[in-house]
Amino acid sequence: DIAVTSTDKGLVAQIVDPMSGRISLDQTYSDLYSEIARKRTAMPESHRAHIRDCIRDARCLIEALEFRGSTLGRIAQELINLQADYFSAGPSALKPLTKKELAQRIGVHESTICRATQDKSIQLPSGEVISIEVLFDSALPVKELVRQLATQKLSDGQIAEKLGEAGIQIAR
């Protein structure tokens, strides 16, 4: 849904929407609507009203889809700004972030963030694709540290000790 690429100007988010720019009003209906607006048709009023309603509904749908894409773009760019370290250094550099905080930063309601990010994925500059929800997982840095420590074949007690040295208190 979102592709993050690294450019010489920094990280850039691009919304991946195969339908973007492909949804538009049918030219026949658009022409009919223009004729109705200029009152150059002998069509019955019920037909004119139907065409006006269909055009209005289609325009509303197109605007809603464009707004959705725009909102997702704003969310993606702000996530890149806030989580730049994650994109460059990996999971251990993820900063705690809630959807509410993100919503406040871009000036939308928290429910907008929830709906816009639901079931969305993001492609990292490395090519890896992750759920966008990962960027809101405040436990991810700790999980990553535990994973790294576990690969060192340390005992549970040693892992707990290393985590304690990193300021992370856990129960064994």
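**Helix packing and the second largest pocket**

In this predicted model, helix 2 and helix 5 pack with their axes 10 Å apart and at an angle of about 95 degrees. Because angles of 65 to 115 degrees count as roughly perpendicular, helix 2 is described as roughly perpendicular to helix 5. On the side of helix 2 the contact involves Thr71, Leu72 and Ile75, which meet Thr112, Ile113, Ala116 and Thr117 in helix 5. Sorted by class, the residues of this contact comprise four nonpolar and three polar ones, with no charged residues.

Helix 2 and helix 5 also contribute to the second largest pocket, whose volume is about 210 Å³. The lining of this pocket is formed by Ala64, Phe67, Arg68, Thr71, Leu72, Thr112, Arg115, Ala116, Gln118 and Lys120, and the elements that give two or more residues to it are helix 2 (45-82) and helix 5 (110-117). Helix 2 provides the largest share of the lining, namely five residues. In terms of class, the lining divides into four nonpolar, three polar and three charged residues. Thr71 and Leu72 of helix 2, together with Thr112 and Ala116 of helix 5, take part in the contact between the two helices, and these four residues are also found among those that line the pocket.

The loop between helix 4 (99-106) and helix 5 contains Val108. When neighbours within four places in sequence are set aside, Val108 is in contact with Arg74, Ala103 and Ile113; Ile113 is, in turn, one of the helix 5 residues that meet helix 2. The C-alpha atom of Val108 is separated by 46 Å from that of Lys153, a residue 45 positions away along the chain.

A further packing arrangement involves helix 1 (residues 27-37) and helix 2, which pack at an angle of about 125 degrees, with their axes 10 Å apart. The two helices are therefore oblique to each other, and helix 1 passes helix 2 in a left-handed crossing. The residues that make this contact are Tyr29, Ser30, Leu32, Tyr33 and Ile36 of helix 1 and Arg48, Ile51, Arg52, Ile55 and Arg59 of helix 2. By class, the contact of helix 1 with helix 2 consists of six nonpolar residues, one polar residue and three charged residues.

Helix 6 (residues 140-150) and helix 7 (residues 156-165) likewise form a packed pair, for which the angle is about 135 degrees and the axes lie 10 Å apart. Helix 6 is therefore oblique to helix 7, and the crossing of these two helices is right-handed. In this contact, Leu145, Val146, Leu149 and Ala150 of helix 6 meet Ile159, Lys162 and Leu163 of helix 7. The contact of helix 6 with helix 7 has six nonpolar residues, one charged residue and no polar residues.

Definitions and conventions
Residues numbered from 1 in each chain as written. Predicted model: local features only at pLDDT ≥ 70, side-chain atom pairs only at ≥ 80, totals over all residues. Heavy atoms only, no water. 1 Å grid on protein atoms, 1.4 Å probe; cavity = no way out; pocket = protein on both sides within 12 Å on 5 of 7 lines; lining within 4 Å. Points joined across faces, edges and corners; volume = space filled by probe spheres on them. Helix = DSSP H or I, 4+ residues; strand = E, 2+ residues; numbered from the N terminus. Nonpolar A, V, L, I, M, F, W, Y, C, P; charged D, E, K, R; others polar. Axes fitted to C-alpha atoms, helices over the stretch in contact; angles between N-to-C directions. Parallel < 35°, antiparallel > 145°, perpendicular 65-115°, else oblique. Left-handed = near helix turned anticlockwise from the far one by under 90°. Contact = heavy atoms within 4.5 Å.
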